Amino acid sequence: MKRERSFYLAPYDLNKDFEYFKSRGYKDFGPTIRDEAIVYDEIASVDDLPVGWMDEQAPGFYRLKKRNDKAFFGYVVGPHSWKKFLFPPVLTLFEAKRENGKFKVYDVNTANEKYVFVGVRACEISAILIQDKIFGGGQYTDPNYIKRRGNVFLIAVNCTEPGNNCFCASTGTGPRVVAGFDVLLTEVIRDDLHYFIGVPGSEKGEEMFVTLGFREAEEFEIKEAEKDVNEAINKFKRSVDLTDAVEVLQENYENPLWEKVSEKCLTCGNCTMVCPTCFCNTIEDVTDLAGQVAKRIRRWDSCFTMDFSYIHGGSVRYSVMSRYRQWMVHKLSTWKNQFGMLGCVGCGRCITWCPVGIDIVENLKLFKESTVKL
Amino acid sequence: MEVSEREILVVEKNPMLPQIFQIRSRKQETSDTFTLELEPVEAGVEFIFKPGQFNMLYVFGVGEVPISISGDPEKVSRVTHTTRMVGTVTKAMGKLKKGDLIGVRGPFGSSWPVDKCSGCDVVIVAGGIGLAPLRPAIYYILRRRENYNKAILLYGARTPDDILYKHEIEKWKSRFDFEVYVTVDRGTSGWKGNVGVVTTLIPRAPFDPQNTIAFVCGPEIMMRFTALELIKRGVSENNIFISMERNMKCGIGLCGHCQFGPVFVCKDGPVFSYSQVKNLIFKREI
Amino acid sequence: MAIETLEKLLAEHPFFKGLKKEYLELIIGCARNVFYKPGEFIFREGEEANEFYVIRDGKVSLEFSSPGKEPIVIQTLEDGEVLGWSWLVPPYYWHFSARAVEPTRAIALDGKCLRTKCEEDHNLGYELLKRFVTIVEQRLQATRIQLLDLYGSQ
């Protein structure tokens, strides 16, 4: 197997990467701290990264804590996911104008923005690939998604310390990044050492390394990085066997256990907002006061809302239980029927950001154990 | 009407952008149901669809709804929809007049398998406005009448005033090769026809269960009971087809609203075989 | 009309399928042919229920009357359907009216006569009740669906 060249980057070399792309008309997006959480937003330099910070996560719990080193990527994932750029929370699909009693429709998405995603984790790459399939792989596609996706330069980062809620090893989507990147960085940080091993994953990535003139990494430098990545798999606090999740969930629609697992659910929809693969959206048609200009707007939606499944007279899923069931069965079971893979990438966000700490992994285990077959 | 090419959007590039159609005729069918005949504003454009498919119809500034196509698939210059006024958009649509414009996206969805068998009996069971998405199948079948053995329509409406396509039903009744039975849930004075739910017409309908395909459309409860009656008579679950309905926002399988278990009603349906849905259709809140 | 023809008609009717020959003969003994013109009442609400009918052809409407309103038709029955089970249930009176909508030929069966015979021979009673329960179940189910007013606007 041909081994890609590995490059050595000093920590502040990353600034050169950001500049490289900025000068080529890209916007750099990466992790940064805002309102005591690590989110994805525009960054100008490595100083915008959460240097020396880590995130403590548990069901319904998220706190930032200072590390005892100055790692750039010493945390896992926060409430944002990259879907906010590729599949924006609000997007105007068209404008329609009334003229002489008739109307015409105009496409308004002509911009051609280019993005660099900095610090994408393995689970997030899997999530992006899943959304690629949804928005770009069916009979009907979303041209806005495809355009944005084509304009992304993806700088991935290997996870070396899984978070408490992470279970990507169980979903087969991490912790190691194996594909889907333009550049893959692995951070090595010791008492006296701090550097990155960078590996190109595409022509554009190779071009960046070469143009910026980074030197190739030494064997021992690569070995240190590999050590950290290899050890990550042993550090998981959370795991679940997903082999029969698809069957178990679809065979248990009427299991009374659903009432129990959903009894705390507030249907707030946090899980669907933070989930990197959730794609449900709604279409709103609005008009200005004069009724001359109308717009069609696509917004993120959540299957937890009361009227998500509304049809003449009422909602199909009116109870909290049915809406929780819809989400969990979709994520871990029917998603596979629809798209050929599970909808869950094991990032743990839904567990962290649920205000009442509902745990999808624990719930699945309950169903697997449940002997009630109706 | 004069419209510049640059401004009309080509639907193939973006399935969320509607094509503009003009209302060519409007007919009030019952107190709350009306039929619109639409024609593309762009000259020379044909609208081709299969019986059972639907369009997403857009009323300027108000919204978009999925409406089954209820016209003749052979007539490609126009597309017809029969709509019931139940919500904001359909009520606004009901106020539109001949000459007004409507946005159209489609046709979407699966269709009635009208070619599934040759020489079989075809039984069409319609409840209420369920007759609308079945009408294109009826046209198709009557055009190729020799491909089928018996053709039977069982139609249930709420009251005699709610019967759709009254003239057409009379015409169909007068055909010797099409057996049409109409019943109402509630008779009114002067109604000399059947009274009772449409499922009561099934035990005596003259079809051979071993050689029958059935197309059923109406409220979900009606479709469930109809399917059970057909199965009771010996029709195979694989030969019973229903048309499902769920909340739809995009019509193209990308918004998630119309999911029914593992399927999207907008793209895996709305027409399903009974065997495909029987496991979920009796479960609540799926 | 010759008894043999009636016997053939009843024996072939799905409702009486499987009935022992002697029971069938018993029932024939209680049967007669009837004919109703359109608009004619077969029985009226409140009357004593002494017969049940097997419709040979035509159409019968089941109606309720209400002061100041047109009679409400709750169901119509056609060829081959069985009309009336109140003869089996005390206090044996009709809960609704039955009226011919079209020229209707039917076979009327003497319920009073049959009731007595059922008391004497419980096996006959069971056979008849089994069959009537199926009809009642079908009607009840159809009525329930009618109640749902499925095609209503909400």
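Me: How many residues of domain 1 of chain B are in contact with domain 2 of chain B, and how many of domain 2 take part?

Reply: This is a predicted model, where local features need pLDDT of at least 70 and side-chain atom pairs count only at pLDDT 80 or more, while totals for chains, interfaces and linings use all residues. Residues are numbered from 1 along each chain as its sequence is written, and chains are lettered from A and ligands numbered from 1 in the order in which they are written. Chain B is divided into domain 1 (19–108) and domain 2 (121–281), with bounds from an automatic or database domain assignment. Two residues are in contact if their C-beta atoms, placed from the backbone, lie within 7 Å, and on that basis 21 residues of domain 1 of chain B meet domain 2 residues numbering 20.

Me: Which strand gives the most to the side of domain 1 of chain B that touches domain 2 of chain B?

Reply: Helices (H or I, at least four residues) and strands (E, at least two) are DSSP runs, numbered from the N terminus. In chain B, β1 (19–30), β3 (54–59), β4 (63–68), β5 (79–84) and β6 (101–108) each supply at least two residues of that side of domain 1. With 3 residues, the strand that gives the most is β6(B).

Me: What is the radius of gyration of chain A?

Reply: Chain A has 13 helices and 15 strands. The globule rule, 2.2 Å times the number of residues to the power 0.38, gives 21 Å for its 374 residues. The value over C-alpha atoms is close to that, so chain A is as compact as a globular protein of that length, at 22 Å.

Me: Which strands stand at the edges of the open sheet in chain C?

Reply: Two strands pair if DSSP finds at least two bridges between them. In chain C, 4 strands form an open sheet with antiparallel pairing, in the order β1-β8-β3-β6. Two of them have a single partner strand each, so one side of each is left without a neighbour in the sheet: β1 (31–36) and β6 (82–83).

Me: What angle does helix α3 of chain C make with β8(C)?

Reply: Strands β3 (residues 51–57) and β8 (residues 104–110) of chain C run antiparallel, joined by 6 bridges. Helix α3 (residues 111–120) packs on the sheet, touching both β3 and β8 of chain C. Axes are lines fitted to C-alpha atoms, for helices over the stretch in contact, with angles running from 0 to 180 degrees between N-to-C directions. Here the angle is about 35°.
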